[in-house]
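Open the model in your viewer and keep the selection box handy. We will go from one stop to the next, and at each one I will say what to select and what is there.

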Amino acid sequence: MNTPLIKIENLSFKYPENEGEDKKENNFAVNDISLEINEGEFVAILGHNGSGKSTTAKLMNMILTPNEGKIYIDGIDITRPDMTEDDIFEVRKKIGMVFQNPDNQLVATVVEEDVAFGPENLGLPPVEIRRRVNEALSIVNMKEYARHAPHRLSGGQKQRVAIAGTIAMRPKCIIFDESTAMLDPIGRKEVMNTILRLNKKEKITVILITHYMNEATLADRVIVMKNGEIYLSGTPNNVFSQPDKLWQAGLEVPQSVELIHKLNEHLDDKIPLGVYDFDKCAELIKDKIKI
Ligand code: ADP
Ligand code: MG
């Protein structure tokens, strides 16, 4: 069996502001999570606001340090006490992160300089920096904007530049923390297509934190968090076949699932719940009502 890229064991975290309060009140932002993510996987994390998704991401990226538990990246324990600044830098190179607001992530006044920022910090030779910047911008389809000013771009384009900056570090995994939440539908689609390409073509492991169910249906695996814990986990089909549990966690379900669930209330011979596109959904309903 291969070593998982990320292995989390009994991870717990409480924000210092919440220290000293009664543990029984469950004020742990992340509460005893165990989880493995394999190289090349595309994992979606769902959960109501405040369920601990961002905190989990920040623990994996070493922005936060856990109170309890272990995290192994590529088999290396990143929660050991003797981690140096250099070790932390190595972790951040392997596990990149893209956040919600593209405006907060762009630092330079020209797109290509922005993308070069990370590789420059790695102390790479200029030829190698140039190669990585060009490569990263073509992967996100933004090469023609290399000399543009980031603040003039659309939200989706800005977010793709931020993704290019992360790719230029050659990470094994990228965590997207609601990276499409502030975008219009076109921008959201551009960014989702980019994320899918990174996973399928560039073989980058993807962790997608989202509240869009249709984005989560594209993943290999869906993890649902609730009150700092893992509440559900499985394939999209498996997770979305349990609409009652998702509603209990304050989440929506894909529209096709909701429709079939409602229709099943009137049917003796139920249609199996699952993630279907609208064509498949229509076909299943048509068969049932014998048009
Ligand atoms: P999510 O990303 O799922 O919305 P978070 O991981 O941001 O959830 O938050 C988990 C819990 O931790 C929530 O109860 C939230 O209020 C709390 N929390 C988040 N950030 C901070 C912070 N900087 N200081 C104190 N509490 C925080
Ligand atoms: Mg969050």
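What follows is a walk through a predicted model, beginning at the ligand.

**Stop 1: ligand 1**

Select ligand 1 together with its shell: Tyr15, Glu17, Asn18, Ala29, His48, Asn49, Gly50, Ser51, Gly52, Lys53, Ser54 and Thr55. By class, this shell splits into two nonpolar, eight polar and two charged residues. Now show distances to the oxygen atoms of the ligand. From Gly50, a backbone N or O atom lies 2.7 Å from an oxygen atom of ligand 1. Gly52 also places a backbone N or O atom by a ligand oxygen, at 3.0 Å. With Ser54 it is a polar side-chain atom that lies 2.9 Å from an oxygen atom of ligand 1. How much of the ligand does the protein cover? On its own, ligand 1 has 560 Å² of accessible area, and the protein covers 62% of that.

**Stop 2: the largest pocket**

Next, select Met97, Phe117, Gly165, Thr166 and Met169, the lining residues that lie nearest the centre of the largest pocket. The full lining has 24 residues, and the pocket's volume is about 650 Å³. To see which elements frame the space, colour helix 2 (85-94), strand 6 (95-98), helix 3 (111-121) and helix 5 (155-167): these each give two or more residues to the lining. If you colour by class instead, you will find 12 nonpolar, eight polar and four charged residues in the lining.

**Stop 3: a loop residue with positive phi**

Go on to Arg170, in the loop between helix 5 and strand 7 (173-177). Check the backbone torsions here. Most residues other than glycine have a negative phi. Arg170 is not a glycine, yet its phi is positive, at about 55°. Is this residue buried, exposed or partly exposed? Arg170 counts as partly exposed because its relative accessibility is 39%.

**Stop 4: Glu178 and the cavity**

Now pick Glu178, in the loop between strand 7 and helix 6 (185-200). Its phi is positive too, near 50°. At 12% relative accessibility, Glu178 falls under the 20% limit, so it counts as buried.

Keep Glu178 selected and add Ser179, Thr180, Ala181, Leu208, Ile209, Thr210, His211, Tyr212 and Glu215; together they line the largest cavity. The volume of this cavity is about 30 Å³, and the structure holds one cavity of 30 Å³ or more. Its lining divides into four nonpolar, four polar and two charged residues.

**Stop 5: a side-chain pair in helix 4**

Select Glu128, which sits in helix 4 (residues 126-139), and add Arg131. Which contact joins their side chains? A polar contact of 2.6 Å links Glu128 to Arg131. With a relative accessibility of 14%, Glu128 counts as buried.

**Stop 6: Lys7 and Asn38**

For the last stop, select Lys7 in strand 1 (residues 6-13), then add Asn38. Draw a line from C-alpha to C-alpha: Lys7 and Asn38 are 8.6 Å apart in space, with a separation of 31 residues in sequence. Lys7 has a relative accessibility of 26%, so it counts as partly exposed.

Definitions and conventions. Residues are numbered from 1 along each chain as its sequence is written. Chains are lettered from A and ligands numbered from 1 in the order in which they are written. This is a predicted model: local features need pLDDT of at least 70, side-chain atom pairs count only at pLDDT 80 or more; totals for chains, interfaces and linings use all residues. Side-chain values use heavy atoms; hydrogens and water are left out. Helices (H or I, at least four residues) and strands (E, at least two) are DSSP runs, numbered from the N terminus. Buried means under 20% relative accessible area, exposed over 50%, partly exposed in between (1.4 Å probe, protein chains only). A polar contact is a pair of N or O atoms within 3.5 Å; within protein, one must be able to donate a hydrogen and the other to accept it, and residues adjacent in sequence count only if both atoms are side-chain atoms. On a 1 Å grid over the protein atoms alone, a cavity is a set of points where a 1.4 Å probe fits but cannot get out, and a pocket is an open set with protein on both sides within 12 Å along at least five of seven lines; lining residues have an atom within 4 Å of a point. Grid points are joined across faces, edges and corners, and a volume is the space filled by probe spheres set on the points. Ala, Val, Leu, Ile, Met, Phe, Trp, Tyr, Cys and Pro count as nonpolar, Asp, Glu, Lys and Arg as charged, and the others, Gly among them, as polar. A residue is near a molecule or strand if one of its heavy atoms lies within 4 Å of it. Accessible areas come from the Shrake-Rupley method with a 1.4 Å probe; for residues, only the protein chains shown count as cover.
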